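Me: I'm new to reading protein models. Can we go through this one together, a question at a time?

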Amino acid sequence: MGTRGGRGAVVAGAAVLLLAGCGSGGDEAGAAALGKGQVASVLPDAKAAPGWRLYMKPAALKPMAEYPPPVCVSRTKEQRETACRPATFWGSSAFVRKADRTTLNFWVLAYEDEKAADAAYDVLIKWYGGDRVGQDARKVDLGGTGAEREANRAAVGTMGGPGTIAQLRVGTTVLGISTGTEGTSAVLDQEVKAFATMFAERAQQAQNGEKPSASLPGH
């Protein structure tokens with residue numbers, strides 16, 4: 001399980017995911033429910049990720065009751081009822097670094113309040129955490145980004161090369177980031193931390209009623 005801000009030891013891992021000001025659990029200021037357009041705006045676009053080529057533009061959808069968001073994966077029906085059914089909107093965007101056949105993916109699930117997002121995070125990290133990225137995964141330190149966080153790296157991920165999966169909660173949203181490559185050039189831990197920080201800041205900006213503008217260094 002990922003650590004919770006203000007509940008003890010800081011766990012290595014938090015994904016694009018997030019930042020100072022995101023705070024600990026509870027009804028913190030700026031933890032507003034997001035609309036469809038706001039969810040789409042949280043997702044990084046081409047301007048937010050210099051050096052990466054956007055191949056799936058940010059887009060948000062309202063879930064259908066009979067078809068939970070594909071990024072909302074759980075082990076049991078009961079867990080699915082907790083994590084997926086309450087989601088108000090979800091969305092994703094994706095990038096590629098052609099030089100070394102590396103992918104970078106972002107997803108977000110939005111909820112009516114922090115309580116629902118917190119419960120969903122606990123379910124989803126059971127799926128996305130630990131060795132889900134690959135065997136013998138190790139923790140990636142994301143610092144204090146977000147209210148809850150976890151990130152893991154494996155030398156052999158789903159694409160055959162090094163890969164990472166990160167998950168964070170910022171207020172009423174649960175955020176996910178994954179990287180993978182067919183080559184041997186891994187996305188470095190500090191890059192994953194930067195992704196998580198940027199993504200978290202964008203989620204916090206949206207919940208503050210601002211237009212998300214956070215981007216990776218270099219823009």
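Me: Is Phe106 buried or exposed?
Reply: Let's start with the rule: buried means under 20% relative accessible area, exposed means over 50%, and partly exposed is in between, using a 1.4 Å probe and protein chains only. Phe106 has a relative accessibility of 1%. That is why Phe106 counts as buried.

Me: Before we go on, where do these numbers come from?
Reply: This is a predicted model, where local features need pLDDT of at least 70, side-chain atom pairs count only at pLDDT 80 or more, and totals for chains, interfaces and linings use all residues. Residues are numbered from 1 along each chain as its sequence is written, and side-chain values use heavy atoms, with hydrogens and water left out.

Me: How many aromatic pairs are there, and what kind do Phe106 and Phe195 make?
Reply: Rings of Phe, Tyr and Trp (its six-membered ring) pair if their centres lie within 6.5 Å; planes under 30 degrees apart are stacked, over 60 edge-to-face, and the rest tilted. The structure holds 5 aromatic pairs. For Phe106 and Phe195, the ring centres are 6.3 Å apart and the planes meet at 80°, so this pair is edge-to-face.

Me: How far apart in sequence are the parts that Phe106 and Phe195 tie together?
Reply: Helices (H or I, at least four residues) and strands (E, at least two) are DSSP runs, numbered from the N terminus. Phe106 lies in strand β4 (residues 102–110) and Phe195 in helix α4 (residues 189–207), so the pair ties together parts whose separation in sequence is 89 residues.

Me: And what's the angle between the planes of Phe106 and Phe199?
Reply: Phe199 also lies in helix α4, and at 0% relative accessibility it counts as buried. Its ring and that of Phe106 are 5.1 Å apart, centre to centre. The pair is edge-to-face, with an angle between the planes of 75°.

Me: Which residues form the aromatic cluster?
Reply: We've already met Phe106, Phe195 and Phe199, and they belong to one cluster. The full list of members is Trp52, Phe95, Phe106, Phe195 and Phe199.

Me: Which cysteines are joined by a disulfide?
Reply: A disulfide here is a pair of cysteine sulfur atoms within 2.5 Å, and by this rule the count comes to 1. Its S to S distance is 2.1 Å. The joined residues are Cys72 and Cys84.

Me: Where do those two cysteines sit?
Reply: Both Cys72 and Cys84 are buried. They link distant parts of the chain, 12 residues apart. Cys72 is in the loop between β2 (53–61) and α2 (77–83), and Cys84 is in the loop between α2 and β3 (89–97).

Me: Which ring does the charged end of Arg132 sit over?
Reply: A charge sits over a ring if NZ of Lys or CZ of Arg is within 6 Å of the ring centre and within 35 degrees of the ring normal. The charged end of Arg132 is 3.6 Å from the ring centre. The ring belongs to Trp127.

Me: Last one: is Asp136 buried or exposed?
Reply: Asp136 lies in the loop between α3 (114–128) and β5 (138–139). Its phi is near 55°, a positive value in a residue other than glycine. At 70% relative accessibility, Asp136 counts as exposed.
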